Amino acid sequence: MRSELWPFRPAPFADESLTSWIARLAHGHGLRPAGFLEIIQPACPDFAALDWTADAELLAVLATRTDVPRPAIASLALRLDPDPNLRDLLHHNWQGPTLQYCAACLAEGVPYFRRCWRLACVRVCPQHQARLRDTCPHCGSMPRLEDLPPSTRSLGLCQNCGHALGIDPSGREPALESAFLRKLIDVQQRIARHLT
C-alpha cells in the first residue's frame, strides 16, 4: 500500500546488518534509532540485539513501510538458532556483545555496518586487510547505533564524542604476513557464510 510508505526509504546494502539499516532509516526521519524503534514497534526487544532477535512482526512492518521485500530484510539479520550458546559466536568485549568496524570501510561512501562484523571469528577486513575495531579511537567508547543522534546523519561517527570512526589516528595497522592473512580471511569468510 503506497500511502503507508515512509518518505525516506534507503535500500539496504546486501551485506548490511539489520540494525545498521534501521539506524539509517531512523536518521532519515530525524530520529535516534532507539526512539524510531519505540515508535514502530513499542514492544520490541533491545535495539542492539535485533541483528539476531528480530521477529516476524518487525520485519513485516519494515517491509510494508519501505517497499523492500521481506526476504531481503530478513537477510540482513544473522542466522543464529534460538540456542543461547550460539550467542558466543558474537563479537564481545568486556561489556558484552558489541559492534566491530573497519575504519577504512566507514570512510568510503555511505557508512554502514556489515553483518559479518558482529561475529567473533571476523577480525580482519578482507577488503582493506585491516584489523577490525570495537571502540572509538578518540574516546574509547563502544559504537552504539541506537544512541547516535540524528543530527549526525552518519553511522560513521562516535555517538559519545562525535569523532569520525573512519579516521584512525594511529595510522594503518601493520600488514600481516600475506600467506597467513589469506588463510585467516578465507576461514573467516567460510564461517561467516553460514551465519550471515
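The paragraphs below lead through this predicted model, from its overall fold to its core, its aromatic rings, its empty spaces and a few single residues.

The chain has 196 residues, and buried residues make up 44% of them. Its secondary structure comes to seven helices and two strands, and when the elements are read along the sequence they follow the pattern α-α-α-α-α-β-β-α-α.

A natural place to begin is the interior. In soluble globular proteins, nonpolar side chains tend to be buried together. The largest nonpolar core here holds 45 residues, and the members that touch the most other members are L18, L62 and F113. Several helices contribute to this core, since at least two residues come from each of helix 1, helix 2 (33-40), helix 3 (50-53), helix 4 (56-66), helix 6 and helix 7. Helix 1 provides the largest share, with six residues.

From the core the reader can turn to the aromatic rings, of which a search of the whole structure finds four pairs. One of these pairs joins F13 and Y112, whose rings are stacked, with 4.1 Å from centre to centre and 10 degrees between the planes. This pair links distant parts of the chain, for F13 belongs to the segment before helix 1 (18-28), whereas Y112 belongs to the loop between helix 6 (103-107) and helix 7 (178-195), and the two residues are 99 residues apart. The partners also have their own degrees of exposure: F13 is partly exposed because its relative accessible area is 29%, while Y112 counts as buried because its relative accessibility is 9%, under the cut-off of 20%.

Another aromatic pair is formed by F113 and W117, and this one is edge-to-face, with 5.9 Å between the ring centres and 85 degrees between the planes. Both F113 and W117 are buried, and ring pairs link these two residues together with Y101 into a cluster. F113 therefore appears in two settings, as one of the three core members that touch the most others and as a part of this aromatic cluster, where the planes of F113 and W117, at 85 degrees, exceed the 60 degrees required for an edge-to-face arrangement. Between Y112 and F113 on one side and W117 on the other, the numbering also includes R114, which lies over the face of Y112 at 3.8 Å from the ring centre.The empty spaces of the model come next. Rolling a probe the size of a water molecule over the atoms shows where empty space is left. The count comes to one cavity of 30 Å³ or more, and about 30 Å³ of space lies in the largest cavity. The residues that line this cavity are F113, P143, R144, L145, L148, L155, L157, Q159 and L165, so that F113, already met in the core and in the aromatic cluster, is found here as well. By class, the lining of the largest cavity divides into seven nonpolar residues, one polar residue and one charged residue.

The largest pocket holds about 310 Å³ of space. Its lining is made up of 17 residues, and those that lie nearest its centre are D15, R114, C116, P126 and Q189, among them the R114 that lies over the ring of Y112. Helix 7 gives the most to this lining, with four residues, and the residues of the lining fall into nine nonpolar, four polar and four charged.

Helix 7 also contains I185, which is buried because its relative accessible area is 11%. Which residue, 56 residues apart from I185 along the chain, has its C-alpha atom 8.6 Å from that of I185? The residue is Q129, whose place is in the loop between helix 6 and helix 7.

Q129 has a backbone feature of its own, for its phi is near 55 degrees, a positive value in a residue other than glycine. With a relative accessible area of 43%, Q129 is partly exposed. A positive phi is also found at D67, where the value is near 65 degrees and the residue is again other than glycine. D67 lies in the loop between helix 4 and helix 5 (70-74), and its relative accessibility of 46% means that D67 counts as partly exposed.

How values were computed:
Residues numbered from 1 in each chain as written. Predicted model: local features only at pLDDT ≥ 70, side-chain atom pairs only at ≥ 80, totals over all residues. Heavy atoms only, no water. Phe/Tyr/Trp six-rings, centres within 6.5 Å; stacked < 30°, edge-to-face > 60°. Buried < 20%, exposed > 50% of the residue type's maximum accessible area, 1.4 Å probe, protein only. Lys NZ or Arg CZ within 6 Å of the ring centre and 35° of its normal. 1 Å grid on protein atoms, 1.4 Å probe; cavity = no way out; pocket = protein on both sides within 12 Å on 5 of 7 lines; lining within 4 Å. Points joined across faces, edges and corners; volume = space filled by probe spheres on them. Nonpolar A, V, L, I, M, F, W, Y, C, P; charged D, E, K, R; others polar. Core = buried A, V, L, I, M, F, W, Y, C linked by side-chain atoms within 4.5 Å.
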